[in-house]
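Biologist: Could you walk me through this structure? I'd like to ask a few questions as we go.

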Amino acid sequence: MARAPIGDPVSNSPVVAYETLEQVFEDIRSHPLYDHELHGCLNCGICTATCPSAHYYDYSPREIVQLLWTENLEGIYEAMQEKIWACAQCYTCAARCPFDNSPGGLVMIMREAAIKHGMPSAKDVLRPFSRVLLKVISTGNQLAPNMITRDAFPDWGANVSKVDAPLDVLRKAIPVPTMHTTDTAWVVNLKTSVELYTIWEETGVLQQLETIDENLFDVIRDVMDEKRDAYAEWLEEHEKETAGDA
Amino acid sequence: MADDKRSEGAFAGFGPEWRPANLSPDEARAATAWVETRIDRRSLLTGRDQVEDVRDIMWQLEKDGEIAVHRITEQHEPVTARTLYGWKKRIPTNHLWHHKSCGQCGNIPGYPTSLLWLMNKLETRYLDETDQTSCTAWNYHGSGIGNVVSLAAVFLRNFHQAYMSAKAQGLPEGYYYPLVHCGTSFGNYKEMRCFLLHSTKLREQVRKILAKLGRLVDGKLLIPEEVVHYSEWLHVMREPIAEKRVIDLSRVRATVHPACHVYKMVPEDVIYDDTVMDGNRVAVSSGLLQSLGAQVIDYSTWYDCCGFGFRHIIGEREFTRSFAIDRKIKVAVEEARADVMIGHDTGCITTLDKNQWIGRAADKVYELPIMADCQLAALVCGAHPYKLAQLHWHASPFEGFLEKLGIDWQKAKAEFEAYLKEVAAGRIETLYDARRSITSGPGFVRPAIAAKGTERA
């Protein structure tokens, strides 16, 4: 018999069915790295004492480990709404834990589960990250020179460069030929980005992306279809050249 | 009282059952001192029962015919270093394949440029090519988009390319050995190697994908003998580099920010050396600075991260800049009286460098120059601060520091501005022949021609 849904009488949060809580936890527990990241917990708190995010957020790696270790399904689900996104992923907690737990690694497993379940919190939190996602999925680079602008980072100083010149000229003045670029960090071989896209397809990453941001997924699919066509054309031409040589 | 303090954030993150200890100042100092004598030492990492060297698994799997190993051979001129437990790690010093960092190339271009310049100076043979992706782990740690299979597949795809790359120059497979620039890539790849060696299922999942890409060796996954970070190359080459120095660093007080993903992830693989900070700090960068003649100054928050946060640097910068300023920059300036802070990772240098300017809004003006270990090493060996070390991309004020080194930065800046006119006219100076950088696909020059371009320009 199904258990009654879990609700919070003093908040307006929607009621979550117990089956959903179970499914979310099962996705976490069945993650291939779960047993590698969690071994036990004495509540010593050294992880939280050394955690940078605990200085600034209502976040505690000790709490995350305890919720998972005690299989507190409601607490796990609640932590996935906001707390897990506070972790700075420095792994200081993991380096110091006497049990060899990795709270930072557990947070990543929970983030993956939050994305799989399309939790609104994940969508909200990842909205500013969409430029990085577009770049990494379509080129394999996560950052590009033309992403660093005064408008995007007004708190980083008056100028992006202390020498005033057009970006493309400044980039060509870098004495490494692969870095004469503005929209990728280095010149990306067409074959490379096509291969990477295959990895995304084969590992379910595109499904994650579609769950979290359907529009971004559509844009990336169009971009990559063009790249695949361009590479297929090049391969065809290359084969002709080879045949001609023979 | 306790509730009042919690509501002010004094115990944020510790959970509702926490109560303040109400220690007196003396008691608090004694407690802190007790903790520091234990946790502020390398023994924190070594005082554990579980000690496993995954390389033992790797050699067994190779013997069983399950995997192939990209071995470090004499042609790579390896130098042996010692890791956390005293294990040997062979660092290749020649025939290196540069696995670039997207954050460095996109944002701190003087970082990889300085490294390649030092290699030219030491007549190291290398390949910098376009057939490589980033590790994609910044995105993963920031967003959760990705998974262990995708990260492992990206790792082995890139390392397979490193293994095969020399064929484009008519040279044998395995000629170039991958040298990883980014700290997050280094940590992530070490983790992935560990997971792959432990999991038959993961190996099979990745093997199917790499088979589809044509990236197996004799039908097997190719695992690197070692995952090597560029800072490890600098470390084992620190004396030859120091022989090239033309600037005296003896008056310089340098602090080091050790990067979390370099030494907290897979810590057993990290180099420690009893002659560097008594063996209690990761040896890379500090050892180089010692050899270059600088004063390496310890500071109480050396263990803290920089505040990068992966997601936070993009979407929650108040955390990033607050942590960077209050826990790192301020301490380095006020406690260590540092002239400079040196790093060995992409995100840390970006964070610590870019987030100082906004401190003006809160009267937190520290003006601490931030740069990578290889940038400082290049400067000390005579590299041009703008044309080569590309310091104009740095937001922290480095000009006063250059003056302390005896470098006329105004003259150097004027020289660079004049050079930009040459660049605009198409007269560009590079560290190597650009034809070498494309090894397949559009733009590839056939081996017979490319082989002529294997020597540096």
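What follows is a conversation about this predicted model, taken one topic at a time.

Biologist: Let's start with chain A. How many helices and how many strands does its secondary structure come to?

Modeller: Reading from the N terminus, the elements of chain A run α-α-α-α-α-α-α-α-α-α-α-α-α-α. There is no β element in that run. The secondary structure therefore comes to 14 helices and zero strands.

Biologist: What is the radius of gyration of chain A, set against a compact globule of 246 residues?

Modeller: The C-alpha trace of chain A spans about 70 × 50 × 40 Å along its principal axes. Chain A is divided into domain 1 (18-117) and domain 2 (126-245), and the C-alpha centres of these two domains lie 32 Å apart. A compact globule of 246 residues would have a radius of gyration near 18 Å, whereas chain A has 23 Å.

Biologist: Now the contact with chain B. Which helix of chain A gives the most to the side that touches chain B?

Modeller: In total, 78 residues of chain A are in contact with 90 residues of chain B. Several helices of chain A give two or more residues to that side, including helix 8 (103-116), helix 10 (130-139) and helix 12 (190-202). With nine residues, the one that gives the most is helix 12 of chain A.

Biologist: And by class, how many nonpolar residues does that side of chain A have?

Modeller: The side of chain A that touches chain B has 12 charged residues and 17 polar ones. The remaining class there is nonpolar, with 49 residues.

Biologist: Over to chain B. Is B:D278 buried or exposed?

Modeller: B:D278 is found in the loop between helix 13 (260-263) and helix 14 (286-292) of chain B. Its C-alpha atom is separated by 9.4 Å from that of B:R42, 236 residues apart along the chain. The cut-off for an exposed residue is 12 or fewer other C-beta atoms within 10 Å. B:D278 has 12 such atoms, so B:D278 is exposed.

Biologist: Helix 18 of chain B caught my eye. How many of its eight residues are buried?

Modeller: Helix 18 covers residues 373-380 of chain B and is mostly covered. What covers its buried residues includes helix 6 (110-121), helix 11 (230-236) and strand 10 (340-343) of chain B. The buried residues run from B:D373 to B:V380, and their number is eight.

Biologist: Which residues have the most contacts inside the largest nonpolar core?

Modeller: That core has 197 residues, and its largest share, 12 residues, comes from helix 8 (residues 148-164) of chain B. In soluble globular proteins, nonpolar side chains tend to be buried together. One of the residues with the most contacts in the core, B:A378, touches B:S114, B:W117, B:L118, B:A383, B:L388 and B:A389, not counting residues up to four places away in sequence. The residues asked for are B:A152, B:A377 and B:A378.

Biologist: Last one: which strands stand at the edges of the open sheet in chain B?

Modeller: Four strands form this sheet in the order 9-8-10-11, and the pairing is parallel. Strand 10 and strand 11 of chain B pair over three bridges, and the bridge partner of B:M341 in strand 11 is B:I370. Each edge strand has a single partner strand, so one side of each is left without a neighbour in the sheet; these are strand 9 (295-296) and strand 11 of chain B.

Key. Residues numbered from 1 in each chain as written. Chains lettered and ligands numbered in written order. Predicted model: local features only at pLDDT ≥ 70, side-chain atom pairs only at ≥ 80, totals over all residues. Contact = placed C-beta atoms within 7 Å. Nonpolar A, V, L, I, M, F, W, Y, C, P; charged D, E, K, R; others polar. Domains from an automatic or database assignment. Rg over C-alpha atoms; globule rule 2.2 N^0.38 Å. Buried ≥ 20, exposed ≤ 12 C-beta atoms within 10 Å, placed from the backbone. Pairing = 2+ DSSP bridges. Core = buried A, V, L, I, M, F, W, Y, C linked by C-beta atoms within 7 Å.
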